[in-house]
Amino acid sequence: MKRYSAFAVAKEAFSYHQGWERAWRSPEPKKHYEVIIIGAGGHGLATAYYLARNHGLTDVAVLEKGWLGGGNTGRNTTIIRSNYLQPASSEIFELSRSLYEDLSQKLNFNIMFSPRGVLMLAQTEHELRAWKRTSHANRLAAISSEMVGPERIKKLCPIINIDGPRYPVLGGLWQPRGGTARHDAVAWGYARAASDRGVDIIQQCEVTGIDREEGRVKGVQTTRGAITCSKLCIVVAGHSGVLAKMAGFRLPIESVPLQALVSEPIKPCLDIVVMANTVHGYMSQSDKGELVIGGGSDGYNAYTQRGSFHHAEETVRALCETFPIISRLKMLRQWGGIVDMTGDRSPIIGRAPVEGIFLNCGWGTGGFKSIPGSGWAMAAMVAKGEPDELAGPFSLERFSEGRMIDESVAAAVAH
Ligand SMILES: Cc1cc2nc3c(=O)[nH]c(=O)nc-3n(C[C@H](O)[C@H](O)[C@H](O)COP(=O)(O)OP(=O)(O)OC[C@H]3O[C@@H](n4cnc5c(N)ncnc54)[C@H](O)[C@@H]3O)c2cc1C
């Protein structure tokens, strides 16, 4: 595939940009693949890319019922950080964050990684204690994060109201190399690089059934016909329960809508990501000037990619207290995604009860940041047939063995 570069752009300008090829191929599905990945979100595409790049496995198809990146990957608020509490989480999230650092160069696709820093506010004594504990855990895990006081916070984020009437800002956990990236560019970059290495990405191809024989996966039924495979990866976030049912088992996952909104564009006023967990909202400013605002998840299970109306109001009302300047802004648009929540707020990466099926789900409200690390770990597991030390702790068996990886505190507003 032609390399993207300043030189290529200049050269194409002379031929009215008619010479660009499609970013990824759109092949007809073959009858059989060594590996089928269901779901062309970030995690499915990253898995395909690292299978090809790290393990030389290219007889791979990624099947997507809609368009690639159209699930949560293209709907999230793009916060990237790795300051988690538990050692297993720190390891995979920090690997992921570090892979983001030069992902644009590796994929030859500008994913617009912006390590502008992520600040998690502490607005109660309880929260202050929780963040201190997390910062100590981060130091042990060699993750760069630090506790900062109100004065430093005001410097980092001048629009903040430090002495809010209900919830004054007492401190915060600051991760300077956290930040954001362009969400759909991450999906497009992985898709282009995977396709270039021979992976077939097949959109508009919904998996409607999973074929098994003597406890082993045989293949899938799709809206474009039956396809057989030796290994099957289920990487469908909010639809994990639906796919598991097709394969004859249940997952400890609840699917709930989570929503976000953006304001009308304004001049630059916020150059970090700031999360206010007590009042339950968080914000960053996009390159276009919109304030990207995330709120809470619905309190019930559903499959609507919209979310209930009261959340938008509650989120904005809460944030107005801590960031009064946003009170006059108009909302430009609102949307939702279906997130896959586990009880301990940690993902599942592991083998399914059916031989040959591998699971990657349960990233819930915080799986954009983990796309590179998750794809890396998943690819290693699929290639070798068993999880390595990175994925090992996240196996499905942890729920029956009582080995929870409790990240409900580090998840908080949950990104
Ligand atoms: C509003 C919102 C804000 C968020 N903010 C953040 C954030 O700031 N930071 C962060 O780290 N995370 C965030 N997240 C979470 C993050 O978006 C997800 O964890 C992550 O994108 C999941 O990626 P995925 O590839 O697993 O799933 P998805 O991107 O949802 O991809 C799964 C794909 O599977 C496809 N699929 C489903 N069923 C089938 C089928 N039967 N056949 C074929 N294909 C199928 C779907 O169409 C979809 O494209 C947020 C999520 C939402 C909704």
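## Polar contacts of the ligand

In this predicted model, an oxygen atom of the ligand has a polar side-chain atom of Thr73 at a distance of 2.6 Å. Glu64 also takes part through its side chain, where an N or O atom is 2.6 Å from an oxygen atom of the ligand. With Thr78 the contact involves the backbone instead, since a backbone N or O atom of this residue lies 3.3 Å from an oxygen atom of the ligand.

On its own the ligand has 1000 Å² of accessible area, and the protein covers 97% of that area.

## The shell around the ligand

There are 38 residues around the ligand, and those that come nearest are Glu64, Asn72, Thr73, Thr77 and Lys369. Sorted by class, the shell is made up of 18 polar, 15 nonpolar and five charged residues.

Two or more residues of the shell are given by each of the elements α2 (42-55), β12 (254-263) and β16 (331-341). The largest share, three residues, comes from β12.

## How α2 and α10 cross

Helix α2, one of the elements that give two or more residues to the shell, also crosses helix α10, which spans residues 371-384. Two packed helices are described by the angle between their axes and by the distance between those axes. For α2 and α10, the axes come within 7 Å and cross at roughly 55 degrees. An angle between 35 and 65 degrees counts as oblique, and α2 and α10 are therefore oblique to each other. The crossing of α2 and α10 is right-handed.

Conventions. Residues are numbered from 1 along each chain as its sequence is written. This is a predicted model: local features need pLDDT of at least 70, side-chain atom pairs count only at pLDDT 80 or more; totals for chains, interfaces and linings use all residues. Side-chain values use heavy atoms; hydrogens and water are left out. A residue is near a molecule or strand if one of its heavy atoms lies within 4 Å of it. A polar contact is a pair of N or O atoms within 3.5 Å; within protein, one must be able to donate a hydrogen and the other to accept it, and residues adjacent in sequence count only if both atoms are side-chain atoms. Accessible areas come from the Shrake-Rupley method with a 1.4 Å probe; for residues, only the protein chains shown count as cover. Helices (H or I, at least four residues) and strands (E, at least two) are DSSP runs, numbered from the N terminus. Ala, Val, Leu, Ile, Met, Phe, Trp, Tyr, Cys and Pro count as nonpolar, Asp, Glu, Lys and Arg as charged, and the others, Gly among them, as polar. Axes are lines fitted to C-alpha atoms, for helices over the stretch in contact, and angles run from 0 to 180 degrees between N-to-C directions. Angles under 35 degrees count as roughly parallel, over 145 as roughly antiparallel, 65 to 115 as roughly perpendicular and the rest as oblique. A crossing is left-handed if the near helix is turned anticlockwise from the far one by less than a right angle, and right-handed if clockwise.
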